[in-house]
Amino acid sequence: MTEPFTVEEYTARIRRAAESARAAGLAGLVVTPGPDLVYLTGYQPTAVTERLTALLVTPNADPLLVVPRLERPDAERAAGAGALRMADWADGDNPYRLPAERLDPQGRYGISDSAWAMHLLGLQQELPDSRYRSLTEALPMLRAVKDAGELDRLAAAGAAADAAYEEILEMRFAGRTEREVAADLAALLLAHGHSQVDFTVVGSGPNGANPHHEADDRRIEPGDTVVLDFGGLKHGYGSDTTRTVHVSADGSVPDQVREVHEVVRRAQQAAFEAVRPGIACQEVDRVARAVITEAGYGEYFIHRTGHGIGVTTHEPPYMVEGEQLPLVPGMCFSIEPGIYLPGRFGVRIEDIVTVTGDGGRRFNNTPRELATVS
Ligand code: ZN
Ligand code: ZN
Ligand code: ZN
């Protein structure tokens, strides 16, 4: 049983956010519904609407959650509610009056990337001299570096996704549509404790050459290579794993499929082995890319190597050329190199990895060798 985070944990997170904001030269933070608010308060409005909800983190004052009056009872039930004060506004009020009273009119604030433009514009109208920065850009480590409780949840989500993969291997592929296999994957994630399924990519044959193909009515045939990429949230933290399988009744696999799969497997392994504190995110991408380029498939590796994961399944930092943020113990991200051959097939292998004191540790541990399915 996973216990919810405690009020003390939320208090510590908000305090760390406030200190990081000060260190970044900000007067405070404006946190709107989305992953930042979930991380800092445990609160997720049932529906994110045009009504303003915002957590204001400012120096020398308790954190203040501004909520629509009709949503206040919901907000008060959030796991981190005890770490905050709340103030509400009613339909017909100016929702920006409360923030305008609390914020420094000349201040520079970090604001959630997920804030609606209408709310940022509303704040700027009330406080024309206030300025805003992307919270992710200003505080890149705030959610990127996970604590022990978060790592446990990410490990559990990864193990659940692994269990789903092991079971899908036993199911029939040939003669069924991608959509049917995707529905099985979703059901397996839920059966293994996920509360939410975010994506179930089933890319068979030529569809596998599109990294973001979801699943359609294509009927899977013997001889197809199939990319399976699936994930969601378990206990509030994300899973995301990919394995590529081949449909073959007798276990035979064409040479080129075997070769391409082996190149991707080596690229994924090399990138994983490169993980250690202090290297830049882009280095993980470079290592994977070097293996694939060396093998002659560089132009078919059309996707970045990875993305962060936490209270969402895709978030910064990104493992991509140009991202110079250093790896820090506790960071969690995907390593998912792939080769996408237009009109033919695709191969991707993806694990979630966390940075340890001297290397990396995988949260996905199913075999990375090419599996055949019936
Ligand atoms: Zn992608
Ligand atoms: Zn994925
Ligand atoms: Zn991914």
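Biologist: What makes β1 and β2 a pair of strands, and which way do they run?

Modeller: This is a predicted model, by the way. Two strands count as paired if there are at least two bridges between them, and β1 (residues 28–31) is joined to β2 by three bridges, so the pair qualifies. The two strands run antiparallel. One spot to look at is Leu 29, which stands opposite Val 57 in β2.

Biologist: How many bridges does β2 make with β3, and what lies between the two strands?

Modeller: Three bridges again, with β2 (residues 54–57) and β3 running antiparallel. Leu 56 stands opposite Leu 64 in β3. The two strands form a hairpin with six residues between them. In its turn, Asn 60 has a positive phi of about 55 degrees.

Biologist: In which sense does β3 pair with β4?

Modeller: In the parallel sense, over five bridges, with β4 covering residues 85–89. Pairing needs at least two bridges, so five satisfies the criterion. Here Leu 64 stands opposite Arg 85 in β4.

Biologist: Why is β3 called largely enclosed?

Modeller: Buried means under 20% relative accessible area. Five of the five residues of β3 (residues 64–68) are buried, so the strand is largely enclosed by the rest of the structure. Leu 64, Val 66 and Pro 68 point one way and Leu 65 and Val 67 the other way, and all are buried.

Biologist: What is the strand order in the sheet, and why do β4 and β6 stand at the edges?

Modeller: Six strands form an open sheet, ordered β4-β3-β2-β1-β5-β6, with mixed pairing. β4 and β6 (131–134) each have a single partner strand, so one side of each is left without a neighbour in the sheet. From one strand to the next, the twist averages 25 degrees.

Biologist: Which strands does helix α5 touch?

Modeller: Helix α5 (residues 117–126) packs on the sheet and touches β1, β5 (108–111) and β6. The direction of α5 makes about 155 degrees with that of β6.

Biologist: Why are α9 and α10 called roughly antiparallel?

Modeller: Their axes cross at roughly 150 degrees and come within 8 Å. Angles over 145 count as roughly antiparallel, which makes α9 roughly antiparallel to α10. The crossing is right-handed.

Biologist: Which residues make that contact, and how many are nonpolar?

Modeller: From α9 come Val 263, Arg 266, Ala 267, Ala 270, Ala 271 and Ala 274, and from α10 Val 284, Val 287, Ala 288, Val 291 and Ile 292. By class that gives 10 nonpolar, no polar and one charged residues. Arg counts as charged, so Arg 266 is the charged one.

Biologist: How do you know whether Val 257 is buried or exposed?

Modeller: Val 257, in helix α9 (residues 255–274), has a relative accessible area of 6%. The cut-off for buried is under 20%, so Val 257 is buried. Residues that Val 257 touches include Thr 225, His 246, Phe 345 and Leu 370. Val 257 and Thr 225 are 32 residues apart in sequence but 7.6 Å apart in space, C-alpha to C-alpha.

Biologist: What makes Glu 221 partly exposed?

Modeller: Partly exposed lies between the 20% and 50% limits, and Glu 221 has 44% relative accessibility, so it falls in that class. Glu 221 is found in the loop between β7 (196–204) and β8 (225–234). C-alpha to C-alpha, Glu 221 and Gly 205 are 8.5 Å apart in space, with their positions 16 residues apart in sequence as the separation.

Conventions
Residues are numbered from 1 along each chain as its sequence is written. Chains are lettered from A and ligands numbered from 1 in the order in which they are written. This is a predicted model: local features need pLDDT of at least 70, side-chain atom pairs count only at pLDDT 80 or more; totals for chains, interfaces and linings use all residues. Side-chain values use heavy atoms; hydrogens and water are left out. Buried means under 20% relative accessible area, exposed over 50%, partly exposed in between (1.4 Å probe, protein chains only). Helices (H or I, at least four residues) and strands (E, at least two) are DSSP runs, numbered from the N terminus. Contact means heavy atoms within 4.5 Å. Axes are lines fitted to C-alpha atoms, for helices over the stretch in contact, and angles run from 0 to 180 degrees between N-to-C directions. Angles under 35 degrees count as roughly parallel, over 145 as roughly antiparallel, 65 to 115 as roughly perpendicular and the rest as oblique. A crossing is left-handed if the near helix is turned anticlockwise from the far one by less than a right angle, and right-handed if clockwise. Lists of a residue's contacts leave out its neighbours within four places in sequence.
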